[in-house]
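User: I've got a model open and would like to talk through how its side chains pack. Can you take me through it?

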Amino acid sequence: MQASSLTFLFLVALTGVTTTLGTPIPFTFQVNSTSDHLHAVAARNNVGSFYWQGDTKYSFIVFNHQYWPDDKVDAFYAFAVRSDHLDAAMIYFCSPRDSHTLTTVWYETYETPLNVEDGEGGLLDWQLTPVLNPPINPADFALARLQSNDTHTRGISMSGNDLTLRTDGTGRLTLQGATYTIYSEHIVNCDMCWPPVLDSPALYPKPLWPTQDGWWEFHVL
């Protein structure tokens, strides 16, 4: 695989998630809406739940906010865990600035590649008010048993001082002195992606985004 550069998105599943990389979440988020696959989406103070196709419950925490200039939407990044703890998902809730409605939902799970669908309106609201300790149940976010099963990332390996990813999709990451087991979830070709506008710079103290030719994203848990 040839690429001009690589960018990695690391999502670390902890048993007690109250902050992102030790930084308070710098905004307050709430939503009450639905989409084709995500039913009864509801959250207050950045924590909530939805039902996948009306059946299976996922708990989620919204931890990041970016403005996507090409789509002209505010995007809110959520990490979700299925109620049986055997699946995890990344959800991107999107709303045109100042519209206060959920218009688009991007999502990816271990069983579903990156996809997008329309939101059915409803409330989406946020304020630049820090959330220091979201009211979560740590058990909701514990991944009791998870194995990488994404065939798109199988066969790819990389290694460095703080990162190892094996061809079976598993690896290790050392971050701020702690070592985590990681599982590759998806790979996204961002040849045509734009550098994001970082509305939450505290989460990315020194972003290094390629200025041309795009990049490959490896999404791992």
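**Rings, cores and strands**

Analyst: Sure. Keep in mind that this is a predicted model. To start, the structure holds 12 aromatic pairs.

User: What geometry does the pair of Trp 52 and Tyr 107 have?

Analyst: The ring centres of Trp 52 and Tyr 107 are 5.2 Å apart, and their planes make an angle of 80 degrees. Planes over 60 degrees apart fall in one class, so the label for this pair is edge-to-face.

User: How many residues apart are Trp 52 and Tyr 107, and which strands hold them?

Analyst: Trp 52 belongs to strand β4 (residues 47-52), while Tyr 107 belongs to strand β8 (residues 101-109). The pair links distant parts of the chain, with a separation of 55 residues.

User: Is Trp 52 buried or exposed, and what about Tyr 107?

Analyst: The cut-off for buried is under 20% relative accessible area. Trp 52 comes in at 15%, and Tyr 107 at 1%. That's why Trp 52 counts as buried, and Tyr 107 is likewise buried.

User: Which residues do ring pairs link into a cluster?

Analyst: Here ring pairs connect several Phe residues with a Tyr and a Trp. The cluster consists of Phe 27, Phe 29, Phe 50, Tyr 58, Phe 60, Phe 76, Phe 93 and Trp 126.

User: Which ring does the charged end of Arg 97 sit over?

Analyst: The distance from that charged end to the ring centre is 4.6 Å. The ring under Arg 97 is that of Tyr 67.

User: Which strand gives the largest share of the largest nonpolar core?

Analyst: This core has 40 residues, and those touching the most other members are Phe 29, Leu 38, Phe 50, Phe 60, Ile 91 and Phe 93. Strands β2 (28-33), β3 (38-44), β4, β5 (56-68), β6 (73-82), β7 (88-96) and β8 each put in at least two residues. With eight residues, the largest share comes from β6.

User: How many residues are in the second, separate core?

Analyst: Its members include Ile 156, Leu 165, Trp 216 and Phe 218. The count for this second core is 10 residues.

User: How many helices and strands does the protein chain have?

Analyst: Reading from the N terminus, every step in the order of elements is a β. The tally is zero helices and 14 strands.

User: What share of the contacts between residues at least 6 apart joins residues at least 24 apart?

Analyst: For background, 45% of the 221 residues in the protein chain count as buried. As for those contacts, the share joining residues at least 24 apart in sequence is 54%.

Notes. Residues are numbered from 1 along each chain as its sequence is written. This is a predicted model: local features need pLDDT of at least 70, side-chain atom pairs count only at pLDDT 80 or more; totals for chains, interfaces and linings use all residues. Side-chain values use heavy atoms; hydrogens and water are left out. Rings of Phe, Tyr and Trp (its six-membered ring) pair if their centres lie within 6.5 Å; planes under 30 degrees apart count as stacked, over 60 as edge-to-face and the rest as tilted. Helices (H or I, at least four residues) and strands (E, at least two) are DSSP runs, numbered from the N terminus. Buried means under 20% relative accessible area, exposed over 50%, partly exposed in between (1.4 Å probe, protein chains only). A charge sits over a ring if NZ of Lys or CZ of Arg is within 6 Å of the ring centre and within 35 degrees of the ring normal. A nonpolar core is a set of buried Ala, Val, Leu, Ile, Met, Phe, Trp, Tyr and Cys residues joined through side-chain atoms within 4.5 Å. Contact means heavy atoms within 4.5 Å.
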